[in-house]
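Biologist: I am new to this one. Please show me the structure, and then I will ask about it.

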Amino acid sequence: MRLSRADYTEMPWANGKGRTVELWREDGPQGLRFRLSMASVVENGDFSLFPGIDRVLTVLSGPGFGLVGDGIDLRCDLLVPAAFPGDVALRAVGVTAPVEDFNVMTARELPAPEVRVAQTGQHAPPQGGRLFVFDLASQGLEISEAPVTVSGPSLLVLTRF
């Protein structure tokens, strides 16, 4: 299955201070199970809380920023996946220019997804799960349970649930 920006849904942030573009979402009886989204971080400020959710954020463009909170001091840099709990109060700090990021949110009871950057021509087998291939140039999303050869620089999200 292939999706493009026309298939995505835009919505306000849970904390009301920005907007998110939701690419893919799966819910279960207890609510959110898995979600892929993009957002812009344009100023220092609080991140939304998502109880019971683990997150992986990857900066797609811009200079990056820091995430700080209770026992967490994390740097979010260009094309480096950064994992953190969604239910810890965190603030974006050191935002000097707009940053676009890609978010993977997973219910904590599910196996953690693998998130990595792939280059043109790399072969990406799903290894018994589903593979989400986010093309960095077109911002299209391919979802596959079969091996995929990456056609351009991409962000890969492998799930095993």
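Modeller: Aromatic pairs come up here, then backbone angles. This is a predicted model, where local features need pLDDT of at least 70, side-chain atom pairs count only at pLDDT 80 or more, and totals for chains, interfaces and linings use all residues. Residues are numbered from 1 along each chain as its sequence is written, and side-chain values use heavy atoms, with hydrogens and water left out.

Biologist: How many aromatic pairs does a search of the whole structure find?

Modeller: Rings of Phe, Tyr and Trp (its six-membered ring) pair if their centres lie within 6.5 Å. Planes under 30 degrees apart count as stacked, over 60 as edge-to-face and the rest as tilted. Searching the whole structure gives six.

Biologist: How many residues apart in sequence are the parts that the pair of Phe 34 and Phe 132 ties together?

Modeller: The two rings form a tilted pair, 5.2 Å centre to centre with 50 degrees between the planes. Phe 34 lies in strand β4 (residues 31–41) and Phe 132 in strand β14 (residues 130–135), strands being DSSP E runs of at least two residues, numbered from the N terminus. So the pair links parts separated by 98 residues.

Biologist: Are Phe 34 and Phe 132 buried or exposed?

Modeller: Buried means under 20% relative accessible area, exposed over 50%, partly exposed in between (1.4 Å probe, protein chains only). Phe 34 and Phe 132 also belong to one aromatic cluster with Trp 24 and Phe 161. Both Phe 34 and Phe 132 are buried.

Biologist: What is the relative accessible area of Leu 79?

Modeller: Leu 79 is not a glycine, yet has a positive phi of about 60 degrees. Most residues other than glycine have a negative phi. Leu 79 sits in the loop between β8 (72–76) and β9 (82–85). Leu 79 is partly exposed, at 31%.

Technical notes. Helix = DSSP H or I, 4+ residues; strand = E, 2+ residues; numbered from the N terminus.
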